[in-house]
Amino acid sequence: MKRIAVATDGSDGGNRAVDAAATLAKVNSAELVIITVGGSMTGAELRRLATGDGDLSKTLKDKADRVLRQASRRARRLGITTATLRCGWGDPAESILEIAEREKADTIVLGRRGRGRLSGLLLGSVSQKVAGLATCTVVMVP
Ligand SMILES: Nc1ncnc2c1ncn2[C@@H]1O[C@H](COP(=O)(O)OP(=O)(O)OP(=O)(O)O)[C@@H](O)[C@H]1O
Ligand SMILES: [Mg+2]
């Protein structure tokens, strides 16, 4: 493990993935790449936009930036001061795989669940798709 990519959507599961990835990077003296894929909105955010209150692309970009900043703060607390931050758009799993490959990551760390509300599911659709398609090691954090 020399280049570890971690994907986060800013959820508790994503945060736990960031903490685990930062710890792995620290003990392995590896590089850390933090990835978030923007584009999803909550009902409240959609309503705000529908009333003409706000700029869609800016809202989405700000949100993705916040997730990356929060994740890099967590990594810093665990001793990783030089994480690479990457934001993707579109299908989260495909975008995560594409960025991880471009960044030459040898490991992808993900949470088992994310922001989704179908709590009955054992595994989120993003973690399932990434684990199924990745050509590198995948670490799944509960
Ligand atoms: N937009 C995203 N950007 C980066 N990483 C993500 C994104 N969405 C999910 N992930 C990663 O995948 C993990 C699992 O999330 P996933 O989306 O698969 O579960 P879920 O939200 O509970 O279910 P679903 O999205 O299928 O309703 C997260 O903890 C995070 O590590
Ligand atoms: Mg999700």
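This passage walks through some salt bridges, a charged patch, buried residues and backbone angles. The model is a predicted one, so everything below is to be read in that light.

Salt bridges are a good place to start. Side chains of opposite charge can pair when their charged atoms come close. Here the count of such bridges comes to eight. One of them joins lysine 129 to aspartate 91, with the closest N and O atoms 3.3 Å apart. Lysine 129 sits in helix α5 (residues 125-133), while aspartate 91 belongs to the loop between β3 (84-89) and α4 (92-102), so this pair ties together parts that are 38 residues apart in sequence. Neither partner is fully tucked away: lysine 129 has a relative accessibility of 29%, which makes this residue partly exposed, and aspartate 91, at 34%, is partly exposed too.

Lysine 129 also forms a salt bridge with glutamate 94, and here the closest N and O atoms are 3.0 Å apart. This pair, too, links distant parts of the chain, with glutamate 94 in helix α4 and lysine 129 in helix α5, 35 residues apart. Glutamate 94 counts as partly exposed, because its relative accessibility of 45% falls between the 20% limit for buried and the 50% limit for exposed.

Helix α4 holds a salt bridge of its own. Arginine 102 pairs with glutamate 98, the closest N and O atoms being 3.6 Å apart. Both residues lie in helix α4, four residues apart, or about one turn of the helix. Arginine 102 and glutamate 98 are both exposed. Elsewhere, a network of salt bridges links Arg3, Arg86 and Glu103.

Next comes a set of charges on the surface. Arg66, Arg69, Arg73, Arg76 and Arg77 gather there in a patch of positive charge. One of these residues, arginine 73, is found in helix α3, which covers residues 56-77. With a relative accessibility of 43%, arginine 73 counts as partly exposed.

Helix α3 also contains valine 67. Unlike arginine 73, which is partly exposed, valine 67 is buried, with a relative accessible area of 12%. The C-alpha atom of valine 67 is separated by 5.2 Å from that of glycine 10, although the two residues are 57 residues apart along the chain.

Another buried residue turns up in strand β2 (residues 31-38), namely threonine 36. Its relative accessible area is 3%, so threonine 36 falls under the 20% limit for a buried residue. The side chain of threonine 36 reaches the backbone oxygen of threonine 8 at 2.7 Å.

Finally, the backbone has a couple of less usual angles. Most residues other than glycine have a negative phi, and most peptide bonds are trans. Serine 29, however, has a positive phi of about 50° although it is not a glycine. Serine 29 is placed in the loop between α1 (12-28) and β2, and its relative accessibility of 62% means that serine 29 counts as exposed. Lysine 104 is another non-glycine residue with a positive phi, in this case near 55°. Lysine 104 lies in the loop between α4 and β4 (107-111). At 66% relative accessibility, lysine 104 is likewise classed as exposed.

Definitions and conventions: Residues are numbered from 1 along each chain as its sequence is written. Chains are lettered from A and ligands numbered from 1 in the order in which they are written. This is a predicted model: local features need pLDDT of at least 70, side-chain atom pairs count only at pLDDT 80 or more; totals for chains, interfaces and linings use all residues. Side-chain values use heavy atoms; hydrogens and water are left out. Patches are made of residues with over 30% relative accessible area and no salt bridge: like charges are joined within 9 Å, nonpolar side chains (Val, Leu, Ile, Met, Phe, Trp, Tyr) within 5 Å. Accessible areas come from the Shrake-Rupley method with a 1.4 Å probe; for residues, only the protein chains shown count as cover. A salt bridge is a side-chain nitrogen of Lys or Arg within 4 Å of a carboxyl oxygen of Asp or Glu. Lys and Arg count as positive and Asp and Glu as negative; His and the chain ends are not counted. The place of a charge is taken as NZ of Lys, CZ of Arg, CG of Asp or CD of Glu. Helices (H or I, at least four residues) and strands (E, at least two) are DSSP runs, numbered from the N terminus. Buried means under 20% relative accessible area, exposed over 50%, partly exposed in between (1.4 Å probe, protein chains only). A polar contact is a pair of N or O atoms within 3.5 Å; within protein, one must be able to donate a hydrogen and the other to accept it, and residues adjacent in sequence count only if both atoms are side-chain atoms.
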